[in-house]
Amino acid sequence: RLLQVSKNYRSVIRACMEDMHQAATSTRDPALHSQYSTQVSILSAMELIWNLCEILFVEAAGAGPLLLRLLDWVRLHVCDVDSMVREVMSSENPAKHELFWNVVDIFVLQGRMDEARHLLSKEASANPTSVNMYKILDDLMKKMPVPGLGNTQTLTEMELKWQHWHEECQRYLQDGTFASNSHMESICKILLGDDDAILEKKELITTWYHFLVTRLLYSHPTVKPMELRMDLFLGRESSPESLDTILMAAFEFEMHQVIKECSIALSNWWFVAHLTDLLDHCKLLQSHNLYFGSNMREFLLLEYASGLFSHHSLWQLGVDYFDHCPEYGRVYLELHIERIPLNTEQKALKVLRICEQRQMHEQVRSICKIMAMKALRNNRLGSALSWSIRAKDAAFATLISDRFLKDYSERGCFSDLDLIDNLGPSMLLSDRLTFLGKYREFHRLYGEKRFSEAAKLLLLLMTAHIAPCSFWMTLLTDALPLLEQKEVIFSAEQTYELMRCLEDLTAGKSDKQKFQDDVETMKVEMLRLALARNLARVIVKEGTLEGS
Amino acid sequence: VWDKSENGDWHCTASWKTHSGSVWRVTWAHPEFGQVLASCSFDRTAAVWEEIVGESNDKLRGQSHWVKRTTLVDSRTSVTDVKFAPKHMGLMLATCSADGVVRIYEAPDVMNLSQWSLQHEISCKLSCSCISWNPSSSRAHSPMIAVGSDDNSPNILAKVQIYEYNENTRKYAKAEALMTVTDPVHDIAFAPNLGRSFHILAVATKDVRIFTLKPVRKELSSSGGLTKFEIHIVAQFDNHNSQVWRVSWNITGTVLASSGDDGCVRLWK
């Protein structure tokens, strides 16, 4: 199953490579072209490395199959013989083609016996004189024991068979069977695993890892994975490139080294993060504990995910990655999520949902606060209020409610009525907010002409001290129209209460204050008059009712 | 001030002359406090600015307005650095001056940026060039400030000092001095703390240096007494081959950026 996952990764890489290649070929701009081409070569190197890791670590096949996989790997990635093969095969007389022997050699070097034999048969038919030699060589190639091809022999049986075959080849070579045809002779030497013979074909092999695999094929076919370590790498270049060091480390089964080298060589964390994660799932990584990221896998995933957060939409993927990092994922997410630019409300809401799902209360509070401040600065009181309610920020809600009330005192009307009307239980967040809600309710009741209810509420606001003292004057002034109604609304008791409120309010003021504020004084006078009149009417009304 | 537009371009939305001397540093407050900036200058003052939302015309023309909320004039010499404290400490900032005094101010009402009161004055005995608050919001750590000095005096006094707030005395007191830093220091920065038990401090001097400060258990006699720290240098980079002027951490404290006289910005991992 994990193998399938690995294959999926590789097909993704290949798909990207295709796209890049398309882009490279279709662009006219040389700079872009070279950029895309570079990408293509990086991606192909990535696939090469991943494939090798898949073979060596994920699949971790036994001796024989391992070799077969490696041969496949070499065939797929290392040598591009197809064009050469096509050229030779499509010519009139393939055997006479100048590249004929190159193609045969390469088939042999890659262990593609059947194809080599097929070509050789053409040579045989073209050159009757070498028929004998051909027959022997063909036979040898046919008889070559190849491990892991569905046979059920044990390793020792295989070894024996191979030893036998090897000796037979040796005999033919020493007998001088192939002496007259240097090409066939060299092929025989290759079959025997002669290093020099193989090295002669350097140009065809092109890379040291191809050489490695060829050598393995012809010298240790039953290679158990451990033995790979003991092979010497005949480096032909003096300084290995990063790709070389990575592959070398892979062949030596130094997984950590592979990861480290890849981290250094590649500029993006995608590759190492995902490869390490896969290897971790295969239970192949010992967990050293690094203090800066708990273990290798988590460290790399954290790095990769952090990188995603600078992208305007990929950050959401980053969230999922952090979720899969048990030790530091949460704290990294907390830090990053606060820094996402919240240009739109939708984005803010999206971010908040993510935080709420993970109980990141501090981040929720912080983000709501930031949004509320932004709204407040832009004088969007309703928005600011709803953000502070969401943040459960009582202090800020009080502040905004005060602003609302101030606006009302100045302009005589409310903004954002919808919001205030539908506060519901969140009204209770702060006293001021409760007052705001209830006060608005009072206005609504009044508008619906439910005067007695409105009156009761108004009184309640003062007597229960829900209303701030600063607002009492406004409330009492609001009571005036109720007092002036044709019908008596306030009961006697209520009227007494109102009078008491008025006195409480004016009691504190000094005489000087009273005289300075003409409007205030007038209001107070009007109120006193209205209250008195109401009292008179209500006493009569109540007296009359009781009488009858 | 530059704003980044939707398509990723930066536009200069405000530019104003205000200080009567070079402006040394500017720093942002946490967005929870609104759009707030602080600046400090050679003219011995530090100022706090707030962005005002102007007319819609201005918005269209891409201009914003900043008003000065307060000027802090207590310093008698050039104010070399100003930094806001971590947001969990409220609306607080610290300034440091060339005469060696670090001042800590607080705005008790976060909605009123014109009212700041001087809470602490710390005398560092060395000309100060930079300060850094420890961003760690853990309850285990008291507020901590690192102060760097570019004093050229020949006495080999440590050029980086660490001050910690003492709950008992309600004052900041010197907790440590980095004795190994003897060259003029141009910038310091605490790294964000992701649950580490120790602190990390980067210093910009003639090279880039990174120290770890590990709190050693406080003396049993005085709970709330000064913490002692075990100091180790974990990195020293002289790749700039010249004076390093600024150091800055990324948000997870995993990458350090440094800039130097060689005209390069280097990133350290």
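Select strand β7 of chain B, residues 79–84, together with β8(B): five bridges join the two strands, which run antiparallel. The model is predicted. Within this pairing, B:Phe84 stands opposite B:Leu93 of β8(B).

Keep β8(B) and add strand β9 of chain B, residues 101–106. These two strands also pair in the antiparallel sense, again over five bridges. Pick B:Met92 and look across to β9(B), where its bridge partner is B:Glu106. Then go to the turn of this hairpin, which has three residues between the strands; B:Gly100 takes a positive phi near 90 degrees there.

Now show the side chains of β8(B) alone, residues 92–97. In a regular strand the side chains alternate between the two faces of the sheet. Here B:Met92, B:Ala94 and B:Cys96 point one way, and B:Leu93, B:Thr95 and B:Ser97 point the other. Is the strand enclosed or open? Six of its six residues are buried, so β8(B) is largely enclosed by the rest of the structure.

**The cavity in chain B**

B:Thr95 of β8(B) leads to the next stop, as one of the residues that line the largest cavity. Rolling a probe the size of a water molecule over the atoms shows where empty space is left. The count comes to one cavity of 30 Å³ or more, and the volume of the largest cavity is about 40 Å³. To see its lining, select B:Arg44, B:Thr45, B:Ala46, B:Leu72, B:Asp74, B:Ser75, B:Val79, B:Thr95, B:Arg103 and B:Tyr105. How do these residues divide by character? Four are nonpolar, three polar and three charged.

Stay on B:Arg44, which belongs to the loop between β4 (36–41) and β5 (46–52) of chain B. Its phi is positive, about 75 degrees, although B:Arg44 is not a glycine. At 45% relative accessibility, B:Arg44 counts as partly exposed.

One more stop in chain B is B:Lys171, in strand β14, residues 171–178. B:Lys171 is exposed, with a relative accessible area of 55%. Select B:His120 as well: the two residues are 51 apart along the chain, and their C-alpha atoms are separated by 7.2 Å.

**Helix α5 of chain A**

Move to chain A and select helix α5, residues 100–109. Nine of its ten residues are buried, so α5(A) is largely enclosed by the rest of the structure. Among the buried residues are the aromatic A:Phe100, A:Trp101 and A:Phe107, along with A:Val103, A:Val104 and A:Ile106. Just after the helix, A:Gly111 takes a positive phi of about 70 degrees.

**Aromatic pairs in chain A**

A pair of aromatic rings is described by the distance of the centres and the angle of the planes. Over all chains there are 18 aromatic pairs. Select A:Tyr304 and A:Tyr321 for one of them: the ring centres are 5.2 Å apart and the planes stand at 80 degrees, so the pair is edge-to-face. A:Tyr304 is in helix α16 (residues 296–308) of chain A and A:Tyr321 in helix α17 (residues 315–323), so the pair ties together parts that are 17 residues apart in sequence. A:Tyr304 counts as buried, at 14% relative accessibility.

A:Tyr439 and A:Phe442 form a stacked pair, with 6.2 Å from centre to centre and 15 degrees between the planes. Both residues lie in helix α24 (residues 431–447) of chain A, three residues apart, about one turn of the helix. An α-helix has 3.6 residues a turn, so residues three or four places apart point the same way. A:Tyr439 is buried at 0% relative accessibility, and A:Phe442 is buried with a relative accessible area of 2%.

For a cluster linked by ring pairs, select A:Tyr9, A:Trp50, A:Trp270 and A:Phe271.

**Two lysines to finish**

Select A:Lys369 and A:Phe396. The charged end of A:Lys369 sits over the ring of A:Phe396, 5.0 Å from its centre.

The last selection is A:Lys392, in the loop between α21 (381–391) and α22 (394–411) of chain A. Which sign does the phi of A:Lys392 have, positive or negative? The phi is positive, about 55 degrees, although A:Lys392 is not a glycine. At 65% relative accessibility, A:Lys392 counts as exposed.

Note on methods:
Residues numbered from 1 in each chain as written. Chains lettered and ligands numbered in written order. Heavy atoms only, no water. Buried < 20%, exposed > 50% of the residue type's maximum accessible area, 1.4 Å probe, protein only. Helix = DSSP H or I, 4+ residues; strand = E, 2+ residues; numbered from the N terminus. Pairing = 2+ DSSP bridges. Phe/Tyr/Trp six-rings, centres within 6.5 Å; stacked < 30°, edge-to-face > 60°. Lys NZ or Arg CZ within 6 Å of the ring centre and 35° of its normal. 1 Å grid on protein atoms, 1.4 Å probe; cavity = no way out; pocket = protein on both sides within 12 Å on 5 of 7 lines; lining within 4 Å. Points joined across faces, edges and corners; volume = space filled by probe spheres on them. Nonpolar A, V, L, I, M, F, W, Y, C, P; charged D, E, K, R; others polar.
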